[in-house]
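Visitor: I have a structure open and would like to learn how to read it, feature by feature. Where do we start?

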Amino acid sequence: MQVTYDSDKRKLLSSLCHGAIFFSTALFSIGVPIVINLISDDPVVKSNAKESIFFIVHFYYKICLSHTKDLYNQQAFTSLNLS
């Protein structure tokens, strides 16, 4: 038996998953696709939610990594005595 899914609901939930990165807080932006992944039965929506979760985690990881490198370089530069 083939199951059909609502096309409009699929588009809306997938858009919410991918648009969650634009929400202001990190917890809320990653929480939206997690909740959608848990409550949805549509395999396409679940796939989009997992993709969005990976993107958000990767995005925040890169931000933290770049700030850590900047702090390290700034501390190393200020510890030099160039006088």
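Guide: Let's start with contacts: two residues are in contact when they have heavy atoms within 4.5 Å. This is a predicted model, and in its protein chain, residues 24 or more positions apart account for 54% of the contacts with a separation of 6 or more.

Visitor: Which elements does the protein chain have, and in what order do they run from the N terminus?

Guide: You'll find 3 helices and 0 strands, so to speak an α-α-α run from the N terminus on. Of the 83 residues, 23% count as buried.

Visitor: Let's take helix 1. How many residues does it have, and how far does it reach?

Guide: Helix 1 has 13 residues and spans 18 Å from its first C-alpha to its last, close to the 18 Å expected at 1.5 Å a residue. At its N-terminal end sits a cap, Asp 6, with a side-chain oxygen 3.4 Å from the backbone nitrogen of Asp 8.

Visitor: How do I read the sides of a helix?

Guide: The general idea first: an α-helix has 3.6 residues a turn, so residues three or four places apart point the same way. Here, the buried residues in helix 1 are Leu 13, Ser 14 and Cys 17. They are on the same side of helix 1 because they cover an arc of only 100° around the axis. Turned away from that buried side is a face with the exposed residues Asp 8, Lys 11 and Leu 12.

Visitor: And the nonpolar core? Which residues make up the largest one?

Guide: In soluble globular proteins, nonpolar side chains tend to be buried together. In this model the largest nonpolar core has 11 residues: Leu 13, Cys 17, Ala 20, Ile 21, Ile 30, Val 32, Ile 36, Val 45, Ala 49, Ile 53 and Ile 56. Helix 1, helix 2 and helix 3 each supply at least two of them, and helix 3 gives the largest share, 4 residues.

Visitor: Could you pick out a couple of core members? What does Ile 30 touch, leaving out residues up to four places away in sequence?

Guide: With those left out, Ile 30 touches Ile 53, Ile 56 and Val 57. Another core member to click on is Val 32, in helix 2. Val 32 counts as buried because its relative accessible area is 14%, and the cut-off for buried is under 20%. Setting aside neighbours within four places in sequence, Val 32 is in contact with Leu 16, Ala 20 and Phe 23. Take Ala 20: Val 32 and Ala 20 are 12 residues apart in sequence, and their C-alpha atoms are 6.5 Å apart in space.

Visitor: What about charged side chains? How many salt bridges does a search of the whole structure find?

Guide: Side chains of opposite charge can pair when their charged atoms come close. The search finds 1 salt bridge, where the side chains of Arg 10 and Asp 42 meet at 2.7 Å, N to O. This pair links distant parts of the chain, 32 residues apart: Arg 10 is in helix 1, while Asp 42 is in the loop between helix 2 and helix 3.

Visitor: Is Asp 42 buried or exposed?

Guide: Asp 42 is buried, at a relative accessible area of 5%, whereas Arg 10 counts as partly exposed at 26% relative accessibility.

Visitor: One last residue: where is Glu 51 found?

Guide: In helix 3. Glu 51 counts as partly exposed, with 47% relative accessibility. The C-alpha atoms of Glu 51 and Pro 33 are separated by 9.0 Å, and the two residues are 18 apart along the chain.

Terms used. Residues are numbered from 1 along each chain as its sequence is written. This is a predicted model: local features need pLDDT of at least 70, side-chain atom pairs count only at pLDDT 80 or more; totals for chains, interfaces and linings use all residues. Side-chain values use heavy atoms; hydrogens and water are left out. A salt bridge is a side-chain nitrogen of Lys or Arg within 4 Å of a carboxyl oxygen of Asp or Glu. Helices (H or I, at least four residues) and strands (E, at least two) are DSSP runs, numbered from the N terminus. Buried means under 20% relative accessible area, exposed over 50%, partly exposed in between (1.4 Å probe, protein chains only). A nonpolar core is a set of buried Ala, Val, Leu, Ile, Met, Phe, Trp, Tyr and Cys residues joined through side-chain atoms within 4.5 Å. The expected span of a helix is 1.5 Å times one less than its number of residues. The arc is that of the directions from the helix axis to the C-beta atoms. A polar contact is a pair of N or O atoms within 3.5 Å; within protein, one must be able to donate a hydrogen and the other to accept it, and residues adjacent in sequence count only if both atoms are side-chain atoms.
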